[in-house]
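Open the model in your viewer and keep the selection panel to hand. This tour goes stop by stop.

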Amino acid sequence: MGTTDHVIVLASTNRADILDNALLRPGRLDRHVFIDLPTLQVGMAGLPSGLIHPAQQPQSGPRTMSFVLPLQERREIFEQHLKGLKLMRASSFYSQRLAELTPGFSGADIANICNEAALHAAREGHQSVHTSNLDYAVERVVAGSAKKSKVLSKEEQKVVAFHESGHALVGWLLEHTEAVMKVSIAPRTNAALGFAQMLPRDQHLFTKEQLFERMCMALGGRASESISFNRVTSGAQDDLRKVTRIAYSMVKQFGMAPRIGPVSFPDAQEGLTGVGRHPFSQGLQQMMDHEARLLVAEAYRHTEKVLLDNLDKLQALASALLEKEVISYEDIEALIGPPPHGPKKMIAPLRWSDSERERRDAGEEVPQQQPPRGEEPSWPG
């Protein structure tokens, strides 16, 4: 460029982690604005200093911008994408619940949900998009659609039922775990043989107890298999990966291991370059490995104790899953009672009867048969 007058250059990327450091030096770009995933908090707030590149922060005075941003972002994004659909009710009727169901979703994920809901409504022959279509779309994006052609043997079905019941029961009984909205043993197209659908919270800070109980919930499936069949299967691979990641994060990054102390080391992906380069000694690495194993072992023992003390409830949940294939929050509460630590954050469930009522109001013919198993609406998470 031969001039600097009246020239404005705008650029954006969703991969800021791979940008050349030369672009990020002070003075190269006048303003860096980082846009996080949409939230669901009510109210208004100033733009925090973390959204502005440190090089552009003032040296003194207030470190926030003078304007405010609405924080009901996911709801507003849903309403924007729902405008293009023919809905049974106003978009505001669906947007708040959908926003609560989708913490951590990006704008592209939200657009995908609305598109899937429209496709499902067309396949079902609906004249407009119903609650069941939107719930199906959320479930499909989160867990994949039910794969009806994949038939499990009776023995495998029983193992999957006890595995998912273990997740659901531990999450139900512990204090800091998330609400169990739905449990299914219908195989999914993403190779999962079943899933327990949770209602995750918009939470950014976690205590040691909360992380520990998340580990326990992830280990509930493996522990349930071991207790019920005196053996384990390969189905807990993803659960164990999550548990390992949480344990090492507590030890190496969050400073939650007393023997290691309040220190934090980078992840392998963001660590020092070069083979064998670590910011800690080999002896400290062995200590951290030992502490992580101790955390996992303690979580597994606690999970086993919770399940052994409630074997009748585990059996009741597994039997209900084998009979119905899908159970909801209300089914679990009817089988084993309310959560012992008080009600968890819940979203008012929308039943299949609600969708039938919507179709009657619209003058559409309502089929007599029940919805296909594995595709009943409900959710988170």
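The stops below cover two annotated spans, three helix pairs and one sheet. Keep in mind throughout that this is a predicted model.

**Stop 1: the annotated spans**

Select residues 5-36. UniProt lists this span as "domain: ATPase AAA-type core", in an unreviewed entry. It is 12% helix and 0% strand. Its end C-alpha atoms lie 32 Å apart.

Now select residues 97-135. Here UniProt places "domain: AAA ATPase AAA+ lid", again from an unreviewed entry. This span is 69% helix and 0% strand. The C-alpha atoms at its ends lie 10 Å apart.

**Stop 2: α6 against α7**

Select residues 154-173 for helix α6, then residues 208-229 for helix α7. How far apart are the axes of α6 and α7, and at what angle do the helices pack? The axes are 7 Å apart, and the angle is about 135 degrees. That angle makes α6 oblique to α7. The crossing is right-handed.

Show the side chains at the contact. From α6, take Glu155, Lys158, Val159, Phe162, His163, Gly166, His167, Val170 and Gly171. From α7, the contributors include Cys216, Met217, Ala218, Gly220, Gly221 and Arg222. Further along α7, add Ser224, Glu225, Ser228 and Phe229. Colour the contact of α6 with α7 by class: seven residues are nonpolar, eight polar and four charged.

**Stop 3: α6 against α10**

Keep α6 and add helix α10, residues 311-324. Their axes come within 8 Å and cross at roughly 130 degrees. α6 and α10 are therefore oblique to each other. This crossing, too, is right-handed.

On the α6 side, pick Gln157, Lys158, Ala161, Phe162, Glu164, Ser165, Gly166, Leu169 and Leu173. They meet Lys313, Leu314, Gln315, Leu317, Ala318, Leu321 and Leu322 of α10. How many residues in the contact of α6 with α10 are nonpolar, polar and charged? Nine are nonpolar, four polar and three charged.

Pause on Lys158, Phe162 and Gly166. These α6 residues take part in the contact with α7, and they also meet α10.

**Stop 4: the sheet**

Switch to the strands. Three of them form an open sheet in the order β4-β3-β5, with antiparallel pairing. β4 (195-199) and β5 (326-328) stand at the edges with a single partner strand each, so one side of each has no neighbour in the sheet. The twist averages 20 degrees from one strand to the next.

Zoom in on β3, residues 179-184. Five bridges join β3 to β4, and the two run antiparallel. Which residue of β4 stands opposite valine 180? Methionine 198 does.

Now bring in helix α11, residues 329-336. It lies across β3 and β5. Relative to β5, α11 runs at about 80 degrees.

**Stop 5: α8 against α9**

Select helix α8 (residues 237-252) and helix α9 (residues 282-308). The axes of α8 and α9 are 9 Å apart, and the packing angle is about 130 degrees. The two helices are therefore oblique to each other. Check the handedness of the α8 and α9 crossing: it is right-handed.

Display Val243, Ala247, Tyr248, Met250, Val251 and Lys252 from α8. Opposite them, in α9, show Gln285, Met288, Asp289, Glu291, Ala292, Leu295 and Val296. The contact of α8 with α9 divides into nine nonpolar residues, one polar and three charged.

How values were computed: Residues numbered from 1 in each chain as written. Predicted model: local features only at pLDDT ≥ 70, side-chain atom pairs only at ≥ 80, totals over all residues. Heavy atoms only, no water. Axes fitted to C-alpha atoms, helices over the stretch in contact; angles between N-to-C directions. Helix = DSSP H or I, 4+ residues; strand = E, 2+ residues; numbered from the N terminus. Parallel < 35°, antiparallel > 145°, perpendicular 65-115°, else oblique. Left-handed = near helix turned anticlockwise from the far one by under 90°. Contact = heavy atoms within 4.5 Å. Nonpolar A, V, L, I, M, F, W, Y, C, P; charged D, E, K, R; others polar. UniProt positions renumbered as here; feature names shortened; annotations may be inferred. Pairing = 2+ DSSP bridges.
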